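Okay, thanks everyone for squeezing in. I'll just walk through this one sheet by sheet, so please have the model open on your screens.

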Amino acid sequence: MASITSVELNFLVFRYLQESGFTHAAFALGYEAGINKCPIDGNLVPPGALITFIQKGLQYLEMEANLNNSDADVDEDFSFIQPMDLITKDVNELQRMVKEKRKSLRKDREKESEKERDRERKRGRDNRRLDREKDHVKEGERKEKDEKSGTEKDEKAGRERGEKSGKEREGKAGKERDEKARKERDEKAGRGDEQLTKEREVKAAKDKETRSLKEREEKPVKEKEEKPLKEKEEKPVKEREEKLGKEKDDKTGKEGDDKVGKERDERAKSHDGLSEKVKVVEQEEKFTVKHEDSGACPDPEPMDICPSTMLVEREISNSDVTILEGHLSEVCACAWSPSGSLLASGYEMASRVSLGSEHCSERKVVDTGYGGCGLWVSGGFTKSRSGDSTARIWTISDKGSSSTSQNGSADVVLKHVKGKTNEKSKDVTTLDWNGEGTLLATGSYDGQARIWSTNGELKSTLTRHKGPIFSLKWNRKGDYLLTGSCDKTAIVWDVKAEEPKQQFEFHTGPTLDVDWRNNVSFATSSTDNMIYVCKIGENNAIKTFAGHQGEVNCVKWDPTGTLLASCSDDNTAKIWSMRQDTYVHDLKEHLKEIYTIRWSPTGPGTSNPNHQLVLASASFDSTVKIWDVEHGKLVHSLNGHREAVYSVAFSPNGEYLASGSFDRSLHVWSLKEGKIVKTYSGNGGIFEVCWNKDGDKIAACFANNTVCVLDFRM
């Protein structure tokens, strides 16, 4: 029988407390047990479910006692019953259900037994057929062996007959030569002494001339053979042939001519072989150089993965990495100070929740129905964890190391709770520096925004929200702070007066992101699929953008405040303009939810006006895509990660893009080529990446409680 889970039991008790009027007890249980995270649809659970469940349990005991005396049979009977069956059906219905399912099970077992017998018969037939085939193959091999043996015997007999016949012919020819030689000797013996002397003189002169000619031929050949191989390869064949031809004209005698021609042919053949070898070597060198120039890899051998080899070559060395330790739980937010060497980091519990399988799932926010908001994760139960309720400020030197980086201490620790640092309601959800880098603002799960100095002094605490703060931004002037909360509102705070300037209540769901357009107007996004553009002093939204079919996770204005980009759980990103009510471009290449977007610091109104303005989007489909916003076209699809990509950041010069994924890797991409130029692998998933103002350092937040600072050099 299926057992009831702790989540289901907690939900039933929670509903019982609510229905009985124990409001405070229900609130405490709901918060501690994470009722808002459970996947149970409350509409399917009838009133009084816990009482009904207990009554059904008594019926279960009664039924258990009456169904069967065998414990094994009882266990089998109750394997047919689900918890909801016990709640919604009486004993008679349960008994009838068990009997029907038991009967059906017997039929299924009989069918399975029949199928097993059929399979056994088929296996027997197959085995017999295989035996016959093996016998047939062996018989064929035997016949082939016999035929081969007969052929070899015939060939041997033929060779023996041929050898015997050749010996006979050679013996006969030898006899004829001996007879001829004997006759010649007899003829010479009959000649006179004068003739014999004359022949000797002619023979001596001829031998002398032959020796002289041979010496002249051997001298140049010997000199050529002693020359280095390189000189021999470079000397044209035509030149050697002309020299040899000239020597041949000076030679006399048929024997000398034949010998010179033979040697010349052998040398030409040798030179041709060397030339071919040199040609092959040159082609191989040319092929290698061509691949090196193009940056491509030659065809790999089996099991040799070319991209992995290239990633190893581009791996950032450990000497260029500084590890900052000190946080007690996952670090999910970091930001460089605009002034330079200060880096802020914080534990962000509210905006991201990780699964027990070490994979971070999408952020989901729900209204709990008892005065607040909560988080739940689609696709699985969440892993329990506690935050350290702190933000930290690190001083990073120009050489790339923190003054206290290796011993695990930050320069400044910003505690959001007094005493122990494990209170969940104080966990830091977001942080942002003002434009001058003199003040750091943090938002936390308790709904409060806090403003800190660089030395850790708490300047002010801003209290108005009734739920966790998910996003927080300074305006460029630094006189207003904008916050978006789970309570469905956005608030503009007057920093100097330390009080709300105006609260905007347009959304029907939690506010997920906010972004300033200029010093007085901004955009907000929500789980209600809507985007509103608001302005200080206006009671209504000055622009409403509707078009997404899922929660809008992020909104960002371009550097000039002309175009607004948004991304959603509907797998799309969209470009909006204040000049029209519908989107300008609908970017649809991603296959899963898009978590974040970033504009490049390029184009008109930026420090890189001669470079094209592009938009980057990061998705749970493990890709990053670069978009031409003028035409709404895809420029690059960056496919280097293996899991969800949570953060992207452009370098200050707009030439590179850093991306961080939960596959534990950080990649730096060249936007010109769309390829990885640097990579680093850490010991945990990466939640956020950011560049310093000089573009020579990248900070990354890891799920193993650390922050890494990477030196970037090309």
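Let's begin with a sheet of 4 strands: it is open, the order is E10-E11-E12-E13, and the pairing is antiparallel. At the edges you'll find strand E10 (428-433) and strand E13 (458-463), each with a single partner strand, so one side of each has no neighbour in the sheet. From one strand to the next, the twist averages 20 degrees. In the middle, strand E11 (residues 439-444) and strand E12 (residues 448-453) run antiparallel and are joined by 5 bridges. If you want a spot to click on, try Gly-443, which stands opposite Ala-449 in E12.

Oh, and I should have said: this is a predicted model. For the overall picture, the protein chain has 11 helices and 36 strands. Of its 714 residues, 42% count as buried. About 40700 Å² of the protein chain is exposed, with carbon and sulfur atoms supplying 48% of that. And if you take contacts between residues at least 6 apart in sequence, 52% of them join residues at least 24 apart.

Now move along to strand E23, residues 563-568. How many of its residues are buried? The count is 6 of 6. Side chains in a regular strand tend to be described by face, since they alternate between the two faces of the sheet. Here both faces of E23 are covered: Leu-563, Ala-565 and Cys-567 are buried on one side, and Leu-564, Ser-566 and Ser-568 are buried on the other.

What does E23 pair with? On one hand there's strand E22 (residues 552-557), antiparallel, over 5 bridges. In that pairing, Trp-557 has Leu-564 of E23 as its bridge partner. The hairpin of E22 and E23 has 5 residues between the strands, and Gly-561 there takes a positive phi near 75 degrees. Then there's strand E24 (residues 573-577), also antiparallel to E23 and joined to it by 5 bridges. Ser-566 stands opposite Lys-574 in E24. That's a hairpin too, with 4 residues between E23 and E24, and in the turn Asn-571 has a positive phi of about 75 degrees.

Okay, on to the end of the numbering I want to cover. Another open sheet has 4 strands in the order E30-E31-E32-E33, with antiparallel pairing. Strand E30 (645-650) and E33 stand at its edges with a single partner strand each, so one side of each is left without a neighbour in the sheet. On average, neighbouring strands of this sheet are turned by 20 degrees against each other, direction ignored. E32 and E33 pair antiparallel over 6 bridges, and the partner of His-667 in E33 is Thr-679.

Last stop, the cores. The largest nonpolar core has 18 residues, and those with the most contacts inside it are Leu-666, Val-668, Tyr-680, Val-689, Trp-691, Ile-698 and Leu-710. Which strands feed it? At least two residues each come from strand E31 (656-661), strand E32 (665-670), strand E33 (675-681), strand E34 (686-691), strand E35 (697-702) and strand E36 (706-711). A second, separate core has 14 residues, including Cys-567, Trp-599, Leu-615 and Val-629.

Zoom in on Val-668 before we stop. Leaving out residues up to four places away in sequence, Val-668 touches several residues, among them Tyr-656, Ile-676, Trp-691, Ile-698 and Phe-712. That's my tour, over to you.

Conventions: Residues numbered from 1 in each chain as written. Predicted model: local features only at pLDDT ≥ 70, side-chain atom pairs only at ≥ 80, totals over all residues. Heavy atoms only, no water. Core = buried A, V, L, I, M, F, W, Y, C linked by side-chain atoms within 4.5 Å. Buried < 20%, exposed > 50% of the residue type's maximum accessible area, 1.4 Å probe, protein only. Contact = heavy atoms within 4.5 Å. Pairing = 2+ DSSP bridges. Axes fitted to C-alpha atoms, helices over the stretch in contact; angles between N-to-C directions. Areas by Shrake-Rupley, 256 points an atom, 1.4 Å probe, with all protein chains shown as cover.
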